[in-house]
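I opened this notebook to record what I looked up in the structure, entry by entry. My topics are confidence, pockets, the cavity, the sheets and a few backbone details.

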Amino acid sequence: MRLSSFLAVFRPALPLILGLSLGCSLSLLMVSWTQGDTDDSCRDELGNGRLFLGRGETQRDSRDGPGEEDFQPRIVPYHKDPNKAHKKVLRTRYIHTELGIRERLLVGVLTSRATLNTLAVAVNRTVAHHFHRTFFFTGLRSPKVPHGMTVVAHGDDRPVWLMYETVRHLHQHYGSDYDWFLLAQDDTYMQADRLSELVGHLSAGQDLYMGRAEEFIGGEEKARYCHGGYGYLLSRSLLARLQPHLDTCRNDILSVRPDEWLGRCIIDYLGLSCVEVHQEMTYRYFELGKNADPEREDSTQFKNAFTVHPVSEPNLMYRLHKRFSQIELEWTYLQIQQLQMQINNLSDLTPEGKAGVTWPVGINPPFKPRTRFEVINWEYFTEEHIYSCIDSSPKCEMRGADRADVNTVLEIAVERLNERYQPQLRFRKRRLLNGYRRFDPTRGMEYVLDLALEAYTQKGHSQVIAKRVNLLRPLSAVEIIPMPYVTEATRVQVILPVTAQDQDYVGNFLDMYVMNTLDTHDNVLLTFLFIYDPFDAQRVSQTDVFAGIKAMIGEVEKRYGDVKIPWISVKTEVPSQVKLMDIISKKHPVDTLFFLASVWTEVNADFLNRCRMNAISNWQVFFPIHFQEYNPAVVYRDQQPSAASSFTSESLRDGHFDRHVFDEACFYNADYMTARTKMAADILDNEELLENMDVYDIFVRYSGLHVFRAVEPALIQKYVRRACNPRFSEDIYHRCVLSNLQGLGSRSHLAMALFEQEQANST
């Protein structure tokens, strides 16, 4: 009874137990047991083949073979010797310098004094900006160097001497920075993209002399030199090997042609000849006829050419560039069509099928909002008006870039319709019935157009029809603009102009400055600029209107012993921003980074870092658009404002970005001095120009730098009604008045205030 009960309990587990027992038994039978000496042939083979290395084999190998030693890692502890001065590790500024990554191609154009302002300028305007670096080498420089060109003058117009100095200059200054060097004449048209693609497929570690191979005069030798008119490539390693022999070649080799002289030097001392094909890559060129017309050239050799020679005049250079641009554009459109066909063919294999293909083919699908707050609004427009205005007006006249954009889209819409339906139908636009557009950040600007079209048949019949078309201006040609190196460690010099009317706001400015910069030990300095009018300046010895502010400055300096806050006193009737900066600029070094502030500014670390990053010496100045809070009497009326922090997104709800104020600015002193120097000639003709302009106008008109104007959410100001000085220019005074009016409140706030006032008056 007990046995049957026991078996009944374990009966479900019996198959498992039997399976495990059977598996263990079979595995034991399959094991090859070895006894006795372990030096069997199998282990010998494994040991000799280094497929398996046990402890016994290691010891035996170390005894039998004196050259085979067991490697034992040894840990070397680091001990800092206090008696030795340790060197500071210097890291490179850019990672590609530390890793030894070089740029691919440098282009050198051989020109002359006679053609520097003609053919060389044409080369610079057509293709130079497509290369990473382009130099123009000449013997004697013309009195006026063309703008935007890097010209190197060697001081001698002899062709061979110019070639010798050019090769020596390239190796000496750029031999370690580039993998390939392209030398060409100024009467050569170059296809920059194709040449860049060519060097991208060639190995940079080989000695290569590549171009159009030409026979030497006489033609007895098999060696060839590269014709200079079609350009030729020199590898970095070849240039390094050639450098020691340049002086000998200059003295021993006699030649009239510089390209022939260079080819002879390379052949005699390096044993290399010019080649047209290397690693299955061909250097393609085209010889242009005397009276050839680029628009009519349609041969395969012309279309595939990397360089074209000879180009006799600048106009021909521009025509060649236009023709090759058209060829590249046709190839690009053809590739797009082929890719679209491939996408359509492959879409059948996807889970979505044909329905999964977006329009246009190859463009990202439209953005799908997850909440109602992410919905992108459509703007309605006609040919004369747009119904989504910057100032929140319901309707405004279409002008400027908006009108040009709409006109272009309408022309393209009619052109594409004619391309699709001709020759059966031909369309002509009558008018735009409805227009809608929106900017989708994932794909571009989308348009929906309702057009009234007059359709013509082949027989001459016409009829007015309405047709809806969809267009997309995709986001294309995205370009990464190289910017100079900047750092957040730069010292910022804050300049605070103060008038007698602004004294009440200085206390809050100082409190914020102390809390956000002095307490955090930020690399910031502050200078006050006290502006006295003539009446207050006469009484300064008796009653100083800025005595209270100077006392507050003294308290701050007493609290922070190592901090000094200087001030400068100025007497003027019209406190022009330019006149004040002239005084400040002379008292600071040229590399000073200025932050021109106002008494309503609340300085904080976030904005100071953006000031350092956005103001770039000799490149860019930064004019932030601060966030101005609305008048609390209009916004809140009888209610109390929320106690939200000044730097939270909640506070940005009850204000606006004041686009009419240009008081805050970040710029370098050197950039201001340069712009101010260019302005000096205009001041002689109009002395009132200083009072009619501000710092923003000077940089826009006279600097030539990037003027970066953007909203700055970290720069928040409390509401204040500014005192507009009518002695300033009409534009500055008008901007001040608009700032005061728009700072009262939003349209909804003003509407509610008027509504409540009317309700109160009616009762």
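**Entry 1: confidence**

I began with the weak stretches of this predicted model: over residues 32–68 pLDDT (the predictor's confidence in each residue, from 0 to 100) stays under 50, and there the model has 16 contacts beyond four places in sequence, a contact meaning heavy atoms within 4.5 Å. Residues 643–651 also keep a pLDDT under 50, with 13 contacts beyond four places in sequence. Where pLDDT is low, the predicted coordinates should not be read in detail. For the protein chain I noted a mean pLDDT of 84, with 87% of its residues at 70 or more.

I note the conventions here: residues are numbered from 1 along each chain as its sequence is written, and side-chain values use heavy atoms, with hydrogens and water left out. Because the model is predicted, local features need pLDDT of at least 70 and side-chain atom pairs count only at pLDDT 80 or more, while totals for chains, interfaces and linings use all residues.

**Entry 2: pockets**

I took a pocket to be an open set of points on a 1 Å grid over the protein atoms alone, with protein on both sides within 12 Å along at least five of seven lines, and its lining residues to be those with an atom within 4 Å of a point. Grid points are joined across faces, edges and corners, and a volume is the space filled by probe spheres set on the points.

Which residues lie nearest the centre of the largest pocket? They are Tyr333, Pro360, Arg416, Leu472 and Pro474, out of 33 that line the largest pocket, whose volume is about 1600 Å³. Helix 13 (314–346), helix 14 (400–421) and strand 19 (462–474) are the elements that give two or more residues to this lining; helices (H or I, at least four residues) and strands (E, at least two) are DSSP runs numbered from the N terminus. By class I recorded 20 nonpolar, six polar and seven charged residues in the lining of the largest pocket, where Ala, Val, Leu, Ile, Met, Phe, Trp, Tyr, Cys and Pro count as nonpolar, Asp, Glu, Lys and Arg as charged, and the others, Gly among them, as polar.

The second largest pocket has a volume of about 1000 Å³ and is lined by 41 residues, with Asp502, Pro575, Asp663, Ala723 and Phe728 nearest its centre. Two or more lining residues come from each of strand 20 (492–498), strand 21 (524–532), helix 18 (577–586) and helix 24 (730–742), and helix 24 gives the most, with four residues. The lining of the second largest pocket has 23 nonpolar, eight polar and 10 charged residues.

**Entry 3: cavity**

For a cavity I required a set of points where a 1.4 Å probe fits but cannot get out, and I found one of 30 Å³ or more. The largest cavity holds about 40 Å³ of space; Gln628, Asp658, Tyr719, Val720, Arg722, Ser739, Asn740 and Gly743 line the largest cavity.

**Entry 4: sheets**

Two strands pair if DSSP finds at least two bridges between them. An open sheet of six strands has the order 3-2-1-4-9-6 with mixed pairing; its edge strands are strand 3 (151–153) and strand 6 (209–211), and the twist averages 25° from one strand to the next. Strand 6 runs antiparallel to strand 9 (residues 232–235), with three bridges joining them, and Met210 has Leu233 as its bridge partner.

An open sheet of three strands, also with mixed pairing, has the order 5-13-12. Strand 5 (189–190) and strand 12 (285–287) each have a single partner strand, so one side of each is left without a neighbour in the sheet. Strand 12 pairs with strand 13 (residues 307–309) in the parallel sense over three bridges, and Glu287 stands opposite His309.

**Entry 5: backbone details**

I found a cis peptide bond between His309 and Pro310, with omega about 0°; Pro310 is in the loop between strand 13 and helix 13. Another cis peptide bond joins Trp359 and Pro360, with omega about -10°, and Pro360 belongs to the loop between helix 13 and strand 14 (379–381). I also noted Gln279, a residue other than glycine with a positive phi, near 50°, in the loop between strand 10 (277–278) and strand 11 (281–282).

Note on methods. Axes fitted to C-alpha atoms, helices over the stretch in contact; angles between N-to-C directions.
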